[in-house]
Amino acid sequence: MAWLDSDETSLQIVRLRVAVATLAAQGYALRDPTGDGTVEIEMIVGPDGAARRVRVNGIWPE
Amino acid sequence: MSNPILAASLALGLAFSIGVSAQSGPPRGRGPGPGMRGGGPGLPGIDILGVEPIEFGEPILDLPFSADAVTDMTQTLPDGNRIERRSTSTLARDSVGRTRREQALPPIGPIVVEPERRMITISDPTQRVHYLLDPVRKMAIKSTVPSSPRSRGELPSRGTPNLPRPEITSIRLGTRPIAGLQAEGTRETLTIPAARFGNVRAIDVVTERWYAADLKVVVESRRTDPRDGTVLYQLFNIVRLEPAASLFQVPPDYTVVDSPRPSPGPPRRN
């Protein structure tokens, strides 16, 4: 389980589609699983506007 | 030709290792679909597909307000260098508990989105509906959240069934005036046990939260996570008046589309 915040109602999930080329330009070598040049990224964002966790294709880290 | 799973490391303070299956061949494309388009100078190629609350909670009635908020993120690196970022947001709540928030898209792990991308969201906890407004394309991306809440503080994740669980302790800090309101403080410490994800020692994540019960809103918080640094959040310019009703409505010239569902992740490899 990923523990995040005791005030769960204040957390948001932001879902993004990011071009692999954009990530590569930042130094992150990824291959996209669907072949369309993008990956889907989800972020859990706290009420303070800061990301708590980031996941790619369905895996939340601790 | 298929390549093996590639591990990508997007450190969000912690080591963030994921597997993404490689695939070759021509792009298949999924069409544009809903989403706020990135583009222009800076960091292109980022579409915001949707924003939705994990859980709505009960609507807060008859306590309308509007305010500005500032978030300062500070991270000190092992060599003494520092990363400092500031973002601003605006928020409003009406008498029936609808909320509107306009904020910047936060950094994606270590990747800072520049130029800044703003997210405008409207949340209606009574109807359990959430909208992400896209002023450029005049589109509202609609999300609905089912009524069954998850267990507090937990999200589904893969694996780690037998690892020690994090513990939370909380102490009261008393009251003090903040932004014209009396706020009650609590300090909550989340202790992640050693060996949870390769950490040699336990990790404490400390959150101080100052809550104005009179308005039922957090007016200040400070979260310190040794993996991420410190995030200070403060409310300013609190106005206790009914905000304009139009702030909580999708503009009439917008097209409402349902948020696309997340695509399934890669198959689990045991």
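**Exercise 1. Find how β11(B) pairs with β12(B), and trace the strand before them**.

Step 1. β11(B) and strand β12 (residues 203–212) of chain B are antiparallel partners, with nine bridges. Strands here are DSSP runs (E, at least two residues), numbered from the N terminus; helices are runs of H or I, at least four residues. Two strands pair if DSSP finds at least two bridges between them.

Step 2. Check one bridge. Thr189(B) has Val206(B) as its partner in β12(B).

Step 3. Go back along the chain. Strand β10 (residues 167–178) of chain B pairs with β11 (residues 181–192) of chain B, antiparallel, over eleven bridges. Thr175(B) is bridged to Glu184(B) in β11(B).

Step 4. Look at the turn. The hairpin of β10(B) and β11(B) has two residues between the strands, and Ala179(B) there has a positive phi of about 55°.

The model is predicted: local features need pLDDT of at least 70, side-chain atom pairs count only at pLDDT 80 or more, and totals for chains, interfaces and linings use all residues. Residues are numbered from 1 along each chain as its sequence is written, while chains are lettered from A and ligands numbered from 1 in the order in which they are written.

**Exercise 2. Explain why β8(B) is largely enclosed, and name its partners**.

Step 1. Five of the six residues of strand β8 (residues 129–134) of chain B are buried, so the rest of the structure largely encloses this strand. Buried means 20 or more other C-beta atoms within 10 Å of the residue's own; 12 or fewer is exposed, in between is partly exposed, and C-beta atoms are placed from the backbone.

Step 2. Take one partner. Strand β7 (residues 118–124) of chain B pairs with β8(B), antiparallel, over five bridges. Ile120(B) is bridged to Leu133(B). Four residues separate β7(B) from β8(B) in their hairpin, where Arg128(B) has a positive phi of about 55°.

Step 3. Take another. β8(B) and strand β9 (residues 139–144) of chain B are antiparallel over six bridges. Val129(B) is bridged to Thr144(B). This hairpin also has four residues between its strands, and Lys138(B) takes a positive phi near 50°.

**Exercise 3. Give the strand order of the open sheet that includes β3(B)**.

Step 1. The four strands run β3(A)-β2(A)-β1(A)-β3(B), with antiparallel pairing.

Step 2. Mark the edges. β3 (51–56) of chain A and β3 (46–53) of chain B each pair on one side only.

Step 3. Inspect one pair. Strand β2 (residues 38–45) of chain A meets β3(A) over five bridges, antiparallel. Glu42(A) stands opposite Arg55(A).
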